[in-house]
Amino acid sequence: MIDVWTWLTSGANWVGTDGIWHRLVQHLEYSGSSLAIAALIAIPLGLWIGHTGHGRVVAVSLANGIRSIPSLGLLFIVLLLLAPHIHNGDAFLIPSIVALVVLAIPPILAGAYAGVEQVDPAARDAGLGMGLTAWQVLWRIEVPCALPLMFGGFRSAALQVVATATIAATVSVGGLGRFLIDGLAYRDYSMMAGGALLVGLLAITVDAVLAGVQRLLVSPGLRS
Amino acid sequence: MIVFDRATVVYPDQTVAVDQLSLTVPTGQVTVFVGPSGCGKTTSLRMINKMIIPTSGRVLIDDVDVAKQDAASLRRGIGYVIQQSGLFPHRTVVDNVSTVPMLLGVGRRRARADSMALLERVGLDPALARRYPNQLSGGQQQRVGVARALAADPPILLMDEPFSAVDPIVRQQLQDDLLRLQADLGKTIVFVTHDIDEALRIGDQVAVMRTGGYLAQLASPAELLSDPADEFVAEFVGRDRGYRALGFVSGEVATRLEPTITLGSSGEAARRIAHGADWLLVLDADRRPVGWVRPDRLGAKVSASDLNRSGTLAHDAAPLRALLDAALSSPSGRGVVVDAAGTLLGTVNAGDVVAVIERERGA
Ligand SMILES: Nc1ncnc2c1ncn2[C@@H]1O[C@H](COP(=O)(O)OP(=O)(O)OP(=O)(O)O)[C@@H](O)[C@H]1O
Ligand SMILES: [Mg+2]
């Protein structure tokens with residue numbers, strides 16, 4: 001334990017291209033861009049499914065299917081499929097991000113469609129009956145009322161992505177996972193433990209920040 | 001004026017919800033659709049704001065076919081209140097009420113100020129304006145629903161079982177308040193209910209519907225009670241029709257002078273005034289009746305604990321039913337009649353009221 005503390009607090013470990021700061025930023029970059037891409041795909045799709053009720057069965061079974069694949073397996077599947085087609089330095093980076101995106105889509109999608117689905121049908125009916133267009137009902141009623149579940153889905157995706165981004169290091173990409181891989185290679189266990197600890201702390205911090213944003217954006221009328 | 005012209009609705013599963021409905025809803029009056037569950041009331045109502053388009057036939061508002069109008073702009077001119085309130089949970093009460101005015105381009109501040117005034121008008125404490133719907137009682141939610149429907153001052157108001165989900169006492173208050181508002185506003189109201197008493201109470205005219213979406217009878221409440229069109233209507237309108245019909249008949253009943261005593265007077269004085277009668281009427285200091293006492297059982301003073309309060313009071317302008325009920329419920333058999341301020345006018349007995357009923361019938 002003391003070794004882990006020494007590793008974490010020694011200034012030299014924080015700087016440089018393989019220092020903690022740099023790895024942390026890399027980790028955040030991978031996680032952030034994967035989450036952003038996943039959200040861009042899953043939220044509109046989820047809203048559409050929730051609003052229209054179409055494609056629900058397909059979405060649910062696909063999402064469950066993806067969830068049942070182990071993360072590491074998913075990464076290697078994507079790598080095998082994509083690597084032959086990518087010929088520059090991103091040969092490992094892109095498959096890693098794709099794997100993380102695929103991982104993040106199910107919870108975000110489920111949050112979005114479940115969120116819209118659970119909106120009180122009477123509120124929807126009243127909205128239409130008062131003269132809101134279908135589009136206005138979606139943006140002014142369904143989306144604001146779906147936010148708590150949408151945030152729930154996004155937060156669980158974020159936790160999963162931050163944790164899983166670690167395994168990207170197994171295919172020689174950066175991020176905090178490097179400390180685990182490199183630590184293993186050098187038999188430097190305090191480095192490994194320190195890296196794992198950092199991933200955990202990062203996940204908690206990200207979730208706390210998202211919880212704060214949720215508090216700001218979700219109407220107090222929706223808190224039970 | 002809203003006209004249903006042979007409007008028929010067949011749902012995709014071939015259910016005929018409304019069959020060739022033809023009726024006219026007069027401007028400025030309350031028309032109630034009443035009938036058993038599943039008879040097509042909601043479907044009929046929702047044709048008016050184009051939430052449902054008739055499979056055949058038409059619905060016209062002021063001679064214009066609803067089907068030919070843009071749905072959203074049509075609906076912004078028609079207030080809509082539903083049973084489950086349908087309030088937007090993420091918006092405060094005042095913002096719920098401001099919804100349609102803001103859709104129509106009224107600025108937020110102006111819309112909110114108008115909404116505050118409207119909340120008071122429908123009987124809500126303005127202090128509730130900042131609350132969210134889940135912080136209100138069911139009755140309060142329905143009031144907000146009514147305010148929200150009235151916010152853009154639409155000439156037409158559609159109400160689908162607006163008061164069914166609240167307890168009977170609150171329901172009666174809501175009905176009273178609606179009638180009071182309507183006396184001021186004179187909207188064209190279409191009101192759906194499955195409660196015949198509510199229909200008779202609220203409606204200027206009542207459309208009784210039967211399963212399959214047939215119109216069984218369209219008539220005033222008094223006429224429904226006195227002249228049901230067929231067995232179904234008679235059955236649906238229910239028992240005690242003769243007695244309930246008195247609720248729609250008024251007649252001049254001359255009141256009798258009644259000896260009285262003021263609360264707090266001496267028992268001695270009460271016995272003197274009663275002159276041997278079994279019951280003596282007690283008034284408060286403002287000459288408002290408070291109950292009856294038995295003079296022979298009084299102690300030193302006429303006190304509140306001596307009062308029998310079983311008798312109902314009738315206003316002098318009340319229908320005959322209220323007068324008869326006052327007489328029948330009074331321990332002395334003499335029904336107490338008061339003026340609008342609640343001060344005593346005199347009493348009537350059941351025989352007086354029945355005589356008037358007989359006379360009205362003969363006329
Ligand atoms: N979307 C729908 N699809 C198929 N049938 C429907 C649909 N909506 C209503 N119906 C049927 O149409 C008939 C009339 O329904 P409607 O809702 O108008 O009745 P209602 O008189 O309002 O009943 P309630 O008092 O229970 O509200 C019923 O038999 C109902 O089952
Ligand atoms: Mg209904």
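## Close-up views of chains A and B

**View 1. Asp120(A) caps the N-terminal end of helix H6(A), with a side-chain oxygen 3.0 Å from the backbone nitrogen of Ala122(A).** This is a predicted model, in which local features need pLDDT of at least 70 and side-chain atom pairs count only at pLDDT 80 or more, while totals for chains, interfaces and linings use all residues; side-chain values use heavy atoms, with hydrogens and water left out. Residues are numbered from 1 along each chain as its sequence is written, and chains are lettered from A and ligands numbered from 1 in the order in which they are written. Helices (H or I, at least four residues) and strands (E, at least two) are DSSP runs, numbered from the N terminus. H6(A) covers residues 121-129, and its buried residues (under 20% relative accessible area; exposed is over 50% and partly exposed in between, with a 1.4 Å probe and protein chains only) are Ala122(A), Ala123(A), Asp125(A), Ala126(A), Gly127(A) and Gly129(A). Their cover includes H7 of chain A, along with four elements of chain B: helix H1 (41-48), helix H2 (71-76), strand E6 (78-82) and helix H6 (138-150). After H6(A) comes Gly131(A), with a positive phi near 105°.

**View 2. Helices H7(A) and H9(A) cross at roughly 165°.** Here residues 134-164 form H7(A) and residues 189-217 form H9(A), and their axes (lines fitted to C-alpha atoms, for helices over the stretch in contact, with angles from 0 to 180 degrees between N-to-C directions) come within 9 Å. H7(A) is therefore roughly antiparallel to H9(A), a label for angles over 145 degrees (under 35 is roughly parallel, 65 to 115 roughly perpendicular, and the rest oblique). The crossing is right-handed, meaning that the near helix is turned clockwise from the far one by less than a right angle, whereas anticlockwise would be left-handed. Which residues of H7(A) meet H9(A)? Look for Leu147(A), Pro148(A), Phe151(A), Phe154(A), Arg155(A), Ala158(A), Leu159(A), Val162(A) and Ala163(A). On the H9(A) side, the partners include Val199(A), Leu202(A), Val206(A), Asp207(A), Leu210(A) and Gln214(A). By class, this contact has 16 nonpolar, one polar and two charged residues (Ala, Val, Leu, Ile, Met, Phe, Trp, Tyr, Cys and Pro count as nonpolar, Asp, Glu, Lys and Arg as charged, and the others, Gly among them, as polar).

**View 3. Helices H13(B) and H14(B) pass in a left-handed crossing.** Their axes come within 8 Å and cross at roughly 155°, so H13(B) and H14(B) are roughly antiparallel to each other. From H13(B), the contact (heavy atoms within 4.5 Å) is made by Leu320(B), Leu323(B), Leu324(B), Ala327(B) and Leu328(B). H14(B), residues 350-362, brings Ala350(B), Val353(B), Val354(B), Val356(B) and Ile357(B). The class tally is ten nonpolar residues, with no polar and no charged ones.

**View 4. Ser332(B) sits in the loop between helix H13 (320-329) and strand E15 (334-338) of chain B.** Is this serine buried or exposed? Ser332(B) counts as buried because its relative accessibility is 18%. Its side chain makes a polar contact with the side chain of Ser330(B) at 3.0 Å (a polar contact is a pair of N or O atoms within 3.5 Å; within protein, one must be able to donate a hydrogen and the other to accept it, and residues adjacent in sequence count only if both atoms are side-chain atoms). The Ser332(B) side chain also reaches the backbone nitrogen of Arg334(B) at 3.1 Å. Setting aside residues up to four places away in sequence, Ser332(B) touches Trp279(B) and Trp292(B).

**View 5. Ala111(B) lies in helix H5 (residues 108-121) of chain B.** This alanine is buried, at a relative accessible area of 1%. Beyond its neighbours within four places in sequence, Ala111(B) contacts Ser98(B), Pro101(B), Met102(B) and Val106(B). Val94(B) is 17 residues away from Ala111(B) in sequence, with a C-alpha to C-alpha separation of 8.9 Å.

**View 6. Arg6(B) and Gln14(B) both invite a look at phi.** Most residues other than glycine have a negative phi. Arg6(B), however, has a positive phi near 45° and belongs to strand E1 (residues 2-10). Gln14(B), with a positive phi of about 75°, is in the loop between E1 and strand E2 (16-25) of chain B. Gln14(B) is exposed, at a relative accessible area of 61%.
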